[in-house]
Amino acid sequence: MEECERRERILDAASEVLQKCGYHAASMDRVAQHSGMSKRTLYQMFESKQDLFHALVSSRLFNFSPDRCHYSEDPVEELTELLMNLGEIILRPDRMSLIRALITESQQSEDIRHILTSLRAGGKDNVLNAWLTCYVQRRNYVVHDISMYSNMLFGMTVGDFMLQNLACASEIPELLRNMRPRFHHAVRIFLAGFAQGCATP
């Protein structure tokens, strides 16, 4: 088995164990048993339990590789498409189940709180930061905190749908049908406000 395949199998097992047993009971022994691999193999790939769950949260919730955007001449369409890709990834049932487990565990586990804090909004290299950085450079805007705007944009689009998903799972199909028009509208509002709030040199 290739190393990347072993890694994915271990991360799948870690996610399953976290959701079934909680973080404190999610021992390396238990993850090894669920993955069908030895504990030694786990420690060859992950230094510790915290390292394993850091990798799980990072890869399953924040490490996005959305499809290429096809509207480079139209920032509204391009950003809408990027957010649609992001939403379709993070709003998948397996990702939402993991988010629910993490929310539950964050109340009791300092490790989980630390992991989520360190990966907040995907870190400095997330796709929204990257897109906004390019957009700012093309427009010659002066922006001192791209992450603040990235977090704001995420909150008014994907983040809003995440909260609705967590609150009313029975209405998810209707929620997803409305995603593109809502994102498109939010992006137009965001970019108009962003332009007004950015000083040009």
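Which residues make a nonpolar surface patch of about 340 Å²? In this predicted model, the patch is made by Met 148, Met 152, Met 156 and Ile 189. Helix H9, which covers residues 146-156, gives the patch its largest share, with 3 residues. Ile 189 has its place in another part of the chain's numbering, within helix H12 (residues 179-197). With a relative accessible area of 48%, Ile 189 counts as partly exposed, because this class lies between the 20% limit for buried and the 50% limit for exposed.

The patch sits on a chain whose secondary structure is simple to describe. The protein chain contains 12 helices and 0 strands, and a walk along the sequence gives the pattern α-α-α-α-α-α-α-α-α-α-α-α. Of its 201 residues, 43% count as buried. Among contacts in the protein chain with a separation of 6 or more, 69% come from residues 24 or more positions apart. As for the surface, the protein chain exposes about 11200 Å², and 49% of this area is supplied by carbon and sulfur atoms.

One stretch also carries an annotation. The UniProt record, an unreviewed entry, places the feature "DNA-binding region" at residues 27-46. In the model, the span of residues 27-46 is 75% helix and 0% strand, and the C-alpha atoms at its two ends lie 13 Å apart.

Definitions and conventions:
Residues are numbered from 1 along each chain as its sequence is written. This is a predicted model: local features need pLDDT of at least 70, side-chain atom pairs count only at pLDDT 80 or more; totals for chains, interfaces and linings use all residues. Side-chain values use heavy atoms; hydrogens and water are left out. Helices (H or I, at least four residues) and strands (E, at least two) are DSSP runs, numbered from the N terminus. Buried means under 20% relative accessible area, exposed over 50%, partly exposed in between (1.4 Å probe, protein chains only). Contact means heavy atoms within 4.5 Å. Accessible areas come from the Shrake-Rupley method with a 1.4 Å probe; for residues, only the protein chains shown count as cover. Patches are made of residues with over 30% relative accessible area and no salt bridge: like charges are joined within 9 Å, nonpolar side chains (Val, Leu, Ile, Met, Phe, Trp, Tyr) within 5 Å. A salt bridge is a side-chain nitrogen of Lys or Arg within 4 Å of a carboxyl oxygen of Asp or Glu. UniProt positions are given in the numbering used here, feature names are shortened, and annotations may be inferred rather than shown by experiment.
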